[in-house]
Structure formats: C-alpha cells, structure tokens
Amino acid sequence: MVHGRCSVVPIEPRVRALLNSSVKDRNVVTNQQDTRLQQRQRASKNEQELNGKFLHFVRFDEFRDGQNLVTEDVTVVEGDVATISCRVKNSDDSVIQLLNPNRQTIYFRDFRPLKDSRFQLVNFSNSELRVSLTNVSISDEGRYFCQLYTDPPQEIYTTITVLVPPRNLVIDIQKEIAVEGEEIELNCTAMASRPATTIRWFKGNKELTGKSEVEQWSDMYTVTSQLLLKVGREDDGVPVICLVDHPAVKDLQTQRYLEVMYKPQVRVSQNYPVQGLTREGEPLELTCAAFGKPQPTDMRWLRVDDEMPQHVVVSGSNLLISNLNKTDNGTYRCEASNAVGKSHADYMLFVYDTTATTEPAVHGFTQLPNSAEELDYGDLSDSRAGEEGSIRSVDHAVVGGVVAVVVFAMLCLLIILGRYFARHKGTYFTHEAKGADDAADADTAIINAEGGQNNSEEKKEYFI
C-alpha cells in the first residue's frame, strides 16, 4: 500500500549550505541534521516563526511533474525480517533519509547514525534507500518516514505491521471417556496472537461449528472456542481437530481422539447346515458374536417364550442341536452385556420334513433392538433368507390367502346346498300327509290323505 502524503519541511540556511557543499566530515553534518530535526519536532511553531514560513502538507498526487517519493506498507511476522524501501522518481541526486517512529534518523544516505545494529543497508543509490530490520518485535511497529531534501523538502511514511502467531494451541475435553448418546464439551484455546485468530473444528473430514470468545491483553488476543458434540459408537477413535486461521501461520492445528463406550452389537450366524434347510433328523449349529466397548463378558443363550430343550448343547457362544425335530421350532436368543448395557439377537428356527425343498418365510435370523438408540445404530443381524427369502415370504402369504378364501367359499356353498335340500324334503312329506290330521283313526287318515286311493281313482277316472 502506498501512502501518498508528503510534507514540506523548512530547512535552516546553515543546513542547506552544508548539504550543497562537499563537507568532508559527514558525521558532523549528520549530527547537526538530527539535532535540527528533533528541535523541529519539539518546537515546530517557533521554528516556523523564525524562518518566516509555515509548515504545510502536500498530497502525493499533487506532484505531477516534479520529484516524488514512493514506498509501501510492510507486514511482517514477529521475529522475521522487514524491508523498508524509499524510492525517488526523477532523481536529481538529492539526499534521502529514513527516520523511525520517534523521528530518529536511521540512515542518512548510506550512513547509519542510529546505534541499533538490527538495521542494515540493503541498497543505496540516488533513486533508492533500502534498509532491512531483522528480528522484528512488537515494539518496532509504527510509521517510518522517508525524507527527500529538495526545495521544498518532501516526506512520506510507511507503516510496519507486526503479526504474532498463537504461541500455544490446546484442546481440553470435558470427559476423557464418553458413553454413546452423551453430549461432551471440547474447548480449544489459541493464546497470545495478533490479530485475533479464527478457530475451526473438524470431526474427521467433517467441519463442525463452535462458539468463540476473544479476550484482549494489552496488544495480544486469546481466543477460546467451545464445541458441544453428541457422540455415538461410530465416533470411537475418530479425531477431533482444532484448526487455526491466522495470517502469520499456516496449517497450525491440534487434535484429540474420541473414546466412546457403547453397548454390545450382537450377531448370530449359522455354521451348519451352511445355507441349507434345517430338516428333521439333521444337526444345527449356531454361533453368537458380540462386539462392544468394553468387550462383552457375559453371553448366554435362551429360548424365547419356552424352555430350552434338554438335548440342546450350549458351549460358550455356540449352540448345538444334534438331532432336530418339530418340537425344536421356536426363537432362540443370544444375549450379551457389558458395563454400558445389554443387547440381543434372535434366531427363528423352523424344522422341515426330511423331503422338504422349500424354506418357509419364518425361518432365519433377526435381532431386535433393546431401545430406540440401538435401532438408530442399526443393530439388526443379517437374515439367512435374505432378499430372496423376503420375496418368497410375500409369495407364500398371497397363496395362503387365496387358498383360505377358496376353502371358505366352498364351505359356505356346502352349507347353503344342505339347507336347501333339507327344506325341499320336508315340504314333500308335508303335502303327502295333508288332511291326515283331521281323521279319527289311521284307516280314515289314509283314505282322506292326498295321494291316497281316492286320488288314484280320480286320476283313473280322469284318464278314462
């Protein structure tokens, strides 16, 4: 950045005479010049009255055709090297001078009156005075002045800005070991930086949002960022990273690995028969596997809603039935527990006939979650039937429904037909014995009944 500000500084006739003449003792001239500059700073009004002139400032863009000074602002990291350059356009061999923020002369041409050896001459010519400042500190920050002794004299300033990276970056975690479902607090602190840092959070490769607070101590800033994180079993062993964005440093970060305890995850696998039907008379071997943090120590088999058959052999995580029969049908459960909680997985057994070739839908593995949290983590074991078994389940259900409807319709039809025939037979006998109720004895009833002898005679007479 170029500051276009120049000032016209009145020069004593005695100093101008010394500058125009070839003075052999340059130290004398420099000391006199420094003395006059300090007096001018402390008593500028008196000096203006003595010389009959008034100090005034000229904007940089007012120098259209004459000589002018050019410089740039400098930003440097604490401890590094800053370079100040005073350049002259259209030089006429006028003297160039560099002053510090206290307006003490650092370099007069190529001579350094100031005793600070950190300032070193990099380049000197009629058109440039370039000086380096090593091991820059906060106290070096401020405005540095380039002066050109022309008529009228010119002055321009450059600003040195010192950046201070964070001296320490620390993550504090509320709980060293968390339980799944808990919300933990993490704090990342970046101390003694300038300007204030920006803190970013990452869990693995995913960026998270924290809440930052800034404290200022003198010219330094301390930033603390708070992160609230709800952890699950998938977060165990995942790094949480605190990353700093600061112009004085790149890729400054620190991290902590999460340690999360969680309930067991239980799975049941069928060792024998391998992807085959569990037929009557054949053996069955199941294995239960459980994973958790801490590792489950208590594991047991049981039969849901019924007692375990006596011929079932349980050995640790294995369950063995050497000779299957229909009474073994049911749900077998493997339970595992640790310090966090308990989980289980179920195996639904269906024993087939020895000639069976198709597996029913009820056979296979299931695992039911003990809580809503387990359901969120997907603690469901694989089904032996798989996707094909699911399709077969739908087919069997449809066929069974159709068969049930057909059977029900046939039963209804049989009932209706039975009642119809029964009613028709009763009507026949009633007409046949009509009139018999009024007869005094059996013989008279027979004679008076419809369809009796009289009717026969009438029919015979009718046909004759």
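This is a conversation between a visitor and a guide about a predicted protein model.

Visitor: Hello! What does the secondary structure of the protein come to?

Guide: Welcome! The protein has 7 helices and 28 strands. Of its 464 residues, 37% count as buried. The accessible surface comes to about 27300 Å², and carbon and sulfur atoms hold 52% of that surface.

Visitor: How many disulfides does the structure hold?

Guide: There are 3 disulfides in the structure. If you number the bonded cysteines in sequence order, the pairing reads 1-2, 3-4, 5-6.

Visitor: What makes C86 and C146 a disulfide?

Guide: The sulfur atoms of C86 and C146 lie 1.8 Å apart. The cut-off for a disulfide is 2.5 Å between cysteine sulfur atoms, so this pair qualifies. C86 belongs to strand β5 (residues 82-89) and C146 to strand β10 (residues 142-149), so the link spans distant parts of the chain, 60 residues apart. Both C86 and C146 are buried, and their link is left-handed, with -65° about the S-S bond.

Visitor: Why is the disulfide of C188 and C242 called left-handed?

Guide: The torsion about the S-S bond of C188 and C242 is about -80°, so the disulfide is left-handed. C188 sits in strand β14 (residues 183-193) and C242 in strand β19, so the pair ties together parts that are 54 residues apart in sequence. As for the distance, the sulfur atoms of C188 and C242 are 1.8 Å apart.

Visitor: How do you know that C242 is buried?

Guide: C242 has a relative accessible area of 0%. Buried means under 20%, so C242 is buried. The same reasoning works for C188: its relative accessible area is 0%, so C188 is buried as well.

Visitor: What about C288 and C334: what makes them a disulfide?

Guide: Their sulfur atoms are 1.9 Å apart, within the 2.5 Å cut-off, so C288 and C334 form a disulfide. The torsion about the S-S bond of C288 and C334 is about -85°, so this disulfide is left-handed. The pair links distant parts of the chain, with C288 in strand β22 (residues 284-293), C334 in strand β26 (residues 330-337) and their positions 46 residues apart.

Visitor: Why is C288 called buried, with a relative accessible area of 4%?

Guide: Because 4% is under the 20% limit, C288 counts as buried. C334 is at 0%, so C334 is buried too.

Visitor: And why is C412 called partly exposed?

Guide: C412 has a relative accessible area of 30%. Partly exposed runs between the 20% and 50% limits, so C412 falls in that class.

Visitor: How many salt bridges does the structure hold?

Guide: The structure holds 19 salt bridges. Among them, D116, R118 and D140 are linked in a network.

Visitor: What makes R87 and E72 a salt bridge?

Guide: The closest N and O atoms of R87 and E72 are 2.1 Å apart. A salt bridge needs the nitrogen within 4 Å of the oxygen, so the pair meets the definition. R87 is in strand β5, while E72 is in the loop between β3 (68-70) and β4 (74-77), 15 residues apart. R87 is partly exposed at 26% relative accessibility, and E72 is partly exposed at 29%.

Visitor: How do you know that E259 and K293 form a salt bridge?

Guide: Their closest N and O atoms are 3.9 Å apart, within the 4 Å cut-off, so E259 and K293 form a salt bridge. E259 lies in the loop between β20 and β21 (260-272) and K293 in strand β22, so the pair ties together parts that are 34 residues apart in sequence. E259 has a relative accessible area of 34% and is partly exposed, and K293, at 24%, is partly exposed too.

Visitor: Which strands form the open sheet, and in what order?

Guide: The open sheet has 4 strands in the order β16-β15-β19-β20, with antiparallel pairing.

Visitor: Why are β16 and β20 called edge strands?

Guide: β16 (206-208) and β20 (249-257) each pair on one side only. From one strand to the next, the twist averages 30°.

Visitor: What makes β15 and β19 a pair?

Guide: Strand β15 (residues 198-203) and strand β19 (residues 239-246) share 6 bridges in the antiparallel sense. At least two bridges are needed, so β15 and β19 count as paired. At one of these positions, R200 has L243 in β19 as its bridge partner.

Definitions and conventions. Residues are numbered from 1 along each chain as its sequence is written. This is a predicted model: local features need pLDDT of at least 70, side-chain atom pairs count only at pLDDT 80 or more; totals for chains, interfaces and linings use all residues. Side-chain values use heavy atoms; hydrogens and water are left out. Axes are lines fitted to C-alpha atoms, for helices over the stretch in contact, and angles run from 0 to 180 degrees between N-to-C directions. Buried means under 20% relative accessible area, exposed over 50%, partly exposed in between (1.4 Å probe, protein chains only). Accessible areas come from the Shrake-Rupley method with a 1.4 Å probe; for residues, only the protein chains shown count as cover. A salt bridge is a side-chain nitrogen of Lys or Arg within 4 Å of a carboxyl oxygen of Asp or Glu.
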